[in-house]
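Colleague: Please take a close look at one part of this structure for me. I would like the aromatic side chains, described in one connected account.

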Amino acid sequence: MADDRLIVALDLPDAVSGLKLADRLGDAVGFYKIGLGMLTGGGLALAQELKDERGKRIFLDMKLFDIGATVEAAVRGLCRFDLDFLTVHGDPNVVRAAMEGAAGTGTKILAVTILTSMDRADLDAALMRDGPVGQIVLDRAAAALAAGADGVIASPAEAGALRGLSEARGRLIVTPGIRPPGAAPDDQKRIATPRGALEAGADHIVVGRPVWQAADPRAAARAVLDEIAA
């Protein structure tokens, strides 16, 4: 059985490419993330195919943000796809609406704190409040979890501190920005190795380009899984 602590991001242009990659990965990977980049390329159909026909778990990374009624309706509709994880932005009113939309389903709502591609300079440009990025992540996470979120999305740099929050007891911490030793950071700014993220307190790690850009994606995924096992 695949180790579902590893979630492979299918950051590919369309569902056909996603299915081809899933075929190459085979039983090595049991959990996939589908994001906005594939939404117009058949992302929801891919989610259904992987879930219903191949028995995979699905993390739909939509990062929903809108007025409460719209978020609730969107989440209710998306939960018909029997998703495992679904992301919304970590604003408490958005989280509360999402939890209403997901009520009675098995979908876990994960709140996005600060994107792993952002640093303090990016927050300044976005007119975000002053202070260290890590502290803002903790504050946003605490507010989202208090609003009912099943877990949070944050960089590995904050996983340890998040695990120490009283609000995080029994909740999920999912960390993108994962790079195996020696891998290029690409556009990620707050990164860690798979082992480092899990040791810090992450429940799941999300790995995209180091797997799907590899000449042998299955071998790349196996290397990550070996590091997790170690």
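Modeller: Phe85 is buried, with a relative accessible area of 2%. That value comes from a predicted model. Phe59 and Phe85 form an aromatic pair. Their ring centres lie 6.0 Å apart, and the planes meet at 65 degrees. The pair counts as edge-to-face because its angle is over 60 degrees. Phe59 sits in strand β3, residues 57–64, and Phe85 in strand β4. The two parts are 26 residues apart in sequence, so the pair ties them together. Phe59 is buried too, with a relative accessible area of 2%.

Now the other pair. The whole-structure search finds 2 aromatic pairs. Phe31 and Phe85 have ring centres 5.1 Å apart. Their planes stand at 50 degrees, so this pair is tilted. The contact links distant parts of the chain, 54 residues apart. Phe31 belongs to strand β2, residues 31–35. Phe85 belongs to strand β4, residues 85–89. Phe31 is buried, with a relative accessible area of 0%. That counts as buried because the cut-off is under 20%.

Put the pieces together. Phe85 pairs with Phe31 and also with Phe59. Phe31, Phe59 and Phe85 thus make up one aromatic cluster. Its members come from strands β2 and β4 and from strand β3.

Conventions
Residues are numbered from 1 along each chain as its sequence is written. This is a predicted model: local features need pLDDT of at least 70, side-chain atom pairs count only at pLDDT 80 or more; totals for chains, interfaces and linings use all residues. Side-chain values use heavy atoms; hydrogens and water are left out. Rings of Phe, Tyr and Trp (its six-membered ring) pair if their centres lie within 6.5 Å; planes under 30 degrees apart count as stacked, over 60 as edge-to-face and the rest as tilted. Helices (H or I, at least four residues) and strands (E, at least two) are DSSP runs, numbered from the N terminus. Buried means under 20% relative accessible area, exposed over 50%, partly exposed in between (1.4 Å probe, protein chains only).
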